[in-house]
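Here is my note on the model you sent round, set out as numbered points for someone who has not looked at it before. Please read it with the structure open beside you.

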Amino acid sequence: MGSTANSQKKILILYYSYSSQTKNLLQAIMSGMDTSPVSVFMQRIEPVVTQHFPFGSVSKTIWKMLLTFFRQRLLIQPLPDACFQDYDLIILAGPTWSYNPSGPVLALFDRDGKKLFNDQIVIPLISCRGYWRMHWWGLKRLLTKCGATVPNLIVFSHPSHEPWRTLGVFLKLAGKVPERIPWMKKHYPKYGHTIAQLAEAERFGTQLAEVLVSGGNFAEIEFKTGPALYNKS
Ligand SMILES: Cc1cc2nc3c(=O)[nH]c(=O)nc-3n(C[C@H](O)[C@H](O)[C@H](O)COP(=O)(O)O)c2cc1C
């Protein structure tokens, strides 16, 4: 991306995505960085046992929600050496699972947290249906313990209204198609993030690259995502 001068700023995007929502946001962020002179290395956190989407039944979904509420770790594959270099910015991205970071991200902290994040600037990106605060506080604490600086946060919530949003995610995870259920589809047109949110993510990518290149302050970027503005503190 851009020029290859030695002074080129380097970004690591480290992510887990179960149902592709985080991945879609990151692809938009990357495309927003496309014309900037930054180099981006993107790496998926890969569970040892492939996690198939959806879980496929109501009982499996309830069981998984219970396990993740107790912060179940999911063993992950080793990361390539490229992840352990010095970066000018790391974006750590993934979904909220039962108010926590996802199992693969928790396993990442257990195994590689200090080595990856010590002395690095890390901005988390959270994709969730809407309940991200505990996840954010926990993530900030874990990152700070590893020696990272966490100047900002990007959150994308699913835009449908409650209770349809929660019901929709649950049915989707259980293997149903809520968008096509007659009594549901009027309130729940789509699982996950919208095209407008992807456009917003693209804009955030451009802003991040601009701040990085100009030596500005990441804390000053206003990552306001849609009408549901949030308070980072
Ligand atoms: C096991 C599980 C638990 C979840 N718990 C929450 C939650 O506590 N709060 C929330 O807002 N969303 C929760 N979600 C919804 C996801 O965070 C949301 O669908 C997200 O956009 C998925 O991103 P991904 O496709 O990148 O995995 C949960 C999803 C799963 C699979």
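1. In this predicted model, the shell around the ligand is made up, by class, of 10 nonpolar residues, 11 polar residues and two charged residues. In total 23 residues surround the ligand, and the closest of them are Ser17, Gln21, Thr22, Pro95 and Cys128.

2. Several elements contribute to this shell, with at least two residues coming from each of helix H1 (21–33), helix H2 (58–69), strand S3 (89–97), strand S5 (122–128) and helix H5 (164–173). Because domain 1 (9–158 + 194–220) and domain 2 (161–192) both give residues to the shell, the ligand lies between them.

3. The two domains deserve a point of their own, and their bounds, 9–158 + 194–220 for domain 1 and 161–192 for domain 2, are those given by the domain assignment of the protein. Taken over C-alpha atoms, the centres of domain 1 and domain 2 are separated by 25 Å. Where the domains meet, 12 residues of domain 1 are in contact with 10 residues of domain 2, and the side of domain 1 that touches domain 2 has, by class, eight polar, three nonpolar and one charged residues.

4. Helix H2 can be checked against its expected length: its 12 residues, at 1.5 Å a residue, should span 16 Å, and the C-alpha atoms at its ends are 16 Å apart, which agrees. Just after H2 comes Arg71, whose phi is positive, at about 60°.

5. Is Ser20 buried, exposed or partly exposed? This residue is found in the loop between strand S1 (9–15) and H1, and it counts as partly exposed because it has 14 C-beta neighbours inside 10 Å, whereas 20 or more would make a residue buried and 12 or fewer would make it exposed. Measuring from C-alpha to C-alpha in the model, Ser20 and Lys186 are 23 Å apart in space, while 166 residues separate them in sequence.

6. The largest nonpolar core holds 50 residues, of which Ile11, Ile13, Leu89, Ile90, Ile91 and Val122 touch the most other members. Helix H3 (residues 103–117) supplies the largest share of this core, namely seven residues. For a closer look at one of these positions, Val122 touches Ile90, Leu92, Phe117, Leu143, Ala148 and Val150, if residues up to four places away in sequence are not counted.

Definitions and conventions: Residues are numbered from 1 along each chain as its sequence is written. This is a predicted model: local features need pLDDT of at least 70, side-chain atom pairs count only at pLDDT 80 or more; totals for chains, interfaces and linings use all residues. A residue is near a molecule or strand if its C-beta atom, placed from the backbone, lies within 6 Å of it. Helices (H or I, at least four residues) and strands (E, at least two) are DSSP runs, numbered from the N terminus. Ala, Val, Leu, Ile, Met, Phe, Trp, Tyr, Cys and Pro count as nonpolar, Asp, Glu, Lys and Arg as charged, and the others, Gly among them, as polar. Domain bounds come from an automatic or database domain assignment. The expected span of a helix is 1.5 Å times one less than its number of residues. Two residues are in contact if their C-beta atoms, placed from the backbone, lie within 7 Å. A nonpolar core is a set of buried Ala, Val, Leu, Ile, Met, Phe, Trp, Tyr and Cys residues joined through C-beta atoms within 7 Å.
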